[in-house]
Number of protein chains: 2
Amino acid sequence: MPDPFPVPIGLRLNQAARAVGRAFDEALAEAGGSLPVWLILLNLKICRPGTQRELAEAVGIREATLTHHLNAMDAAGLITRTRDAGNRRIQLVQLTEAGETVFLRLRQAAVAFDEQLRAGVAEAEIATLTTLLTRLTANVAEPPSADSPWAGLTGSH
Amino acid sequence: MPDPFPVPIGLRLNQAARAVGRAFDEALAEAGGSLPVWLILLNLKICRPGTQRELAEAVGIREATLTHHLNAMDAAGLITRTRDAGNRRIQLVQLTEAGETVFLRLRQAAVAFDEQLRAGVAEAEIATLTTLLTRLTANVAEPPSADSPWAGLTGSH
DNA sequence: TATTGTTATACTCTATAACTATA
DNA sequence: TATAGTTATAGAGTATAACAATA
């Protein structure tokens, strides 16, 4: 007699992502960070976004939400915001020394976590997984406007 | 020149899960529900848990968090809580007619969503994905105590 | 008027700690 | 004392709407 309620793949994905995400959160917290902070630092290093709008899009959150996090990061001494002389509407977000330090620490935590995560999983399997995730995402995603390599953090919560 | 920052599989998983989860949230919201409500209804139907503690474990949340949701579901007329005559500490949670209706509607939404999600993905590929997700989860999960088929909703948010 | 960003406010989900009632 | 559940409180992350400043 077949299972009348096979676990839907979406729910299975949700379970896995929550378990993995929770573990990642803990790893980042131990390193003194959080997922949003890590993604913001990462995008600052990689994309060098010109505006906060670009940064928010890259991270996958709203501008107001980004301001929220930047305020905290500013208070923590991780970033500075200075007006662009050429266009005073623009805030130039830059890492402080402390921000660089935290970035390196979080990167180390992220790398270590990823090693643990993929332990015993072959490169080809990771590639397969990536492909499948991309296909599933495409199936339910609205018209993808995200061109940032790191886009995708959108969540509701 | 190789990418100095290949997207870690954990982050890729997180992206996919957020995108898919967000879409699922929207689908459930359109059907008048939410993920926690759906999981609670589902577990009530499937596991027939004897206590709220069991239900909370099955859903993957704390008892107090469950009470929070049950209060809302009670106020919305989806469930009733009645004391067990044999052991008056125990609350028997039961679906009302309205609760049954919402359950059916959410199930329909969930099934439709899953069909959309796996469109064009072969059964074997889904199986592969499930296996890989399980392996990744096992790599970073703390000693799994969850024996419920639906366990895993834990999240931090 | 349009753009950039902030402030104010609030929602959802979650958690811990302290409590009541029952056993 | 232990168990079942609730209440009180709080925190993280997110969002929308209204706003100020600049262009």
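A polar contact here is a pair of N or O atoms within 3.5 Å; within protein, one must be able to donate a hydrogen and the other to accept it, and residues adjacent in sequence count only if both atoms are side-chain atoms. Keep that in mind for the DNA.

Some ground rules. This is a predicted model: local features need pLDDT of at least 70, side-chain atom pairs count only at pLDDT 80 or more, and totals for chains, interfaces and linings use all residues. Residues are numbered from 1 along each chain as its sequence is written, chains are lettered from A and ligands numbered from 1 in the order in which they are written, and side-chain values use heavy atoms, with hydrogens and water left out.

Now, DNA strand C. Start with A:Gln52. An N or O atom in its side chain sits 2.7 Å from a phosphate oxygen of the strand. A:Gln91 uses a backbone N or O atom, 3.1 Å from a phosphate oxygen. A:Arg89 goes to a base: a side-chain N or O atom is 3.1 Å from a base oxygen.

Next, the wider surface. In total, 28 residues surround strand C, where near means a heavy atom within 4 Å. A:Gln52, A:Arg53, A:Thr67, A:Arg81 and B:Arg88 are the closest. Of the strand C atoms within 4 Å of the protein, 69% belong to sugar and phosphate. By class, 14 of the surface residues are polar, eight charged and six nonpolar. Nonpolar is Ala, Val, Leu, Ile, Met, Phe, Trp, Tyr, Cys and Pro; charged is Asp, Glu, Lys and Arg; the others, Gly among them, are polar.

On to the cavities. How many of 30 Å³ or more does the whole structure hold? Five. A cavity is a set of points on a 1 Å grid over the protein atoms alone where a 1.4 Å probe fits but cannot get out; lining residues have an atom within 4 Å of a point. A volume is the space filled by probe spheres set on the points.

The largest is about 90 Å³. Both chains line this cavity, with A:Pro8, A:Leu11, B:Trp38 and B:Phe113 among the residues. Its lining has seven nonpolar residues, three polar and one charged.

The second largest is about 70 Å³. Its lining includes A:Phe24, A:Trp38, B:Pro8 and B:Leu11. Six of the lining residues are nonpolar, one is polar and one is charged.

Definitions and conventions: 1 Å grid on protein atoms, 1.4 Å probe; cavity = no way out; pocket = protein on both sides within 12 Å on 5 of 7 lines; lining within 4 Å.
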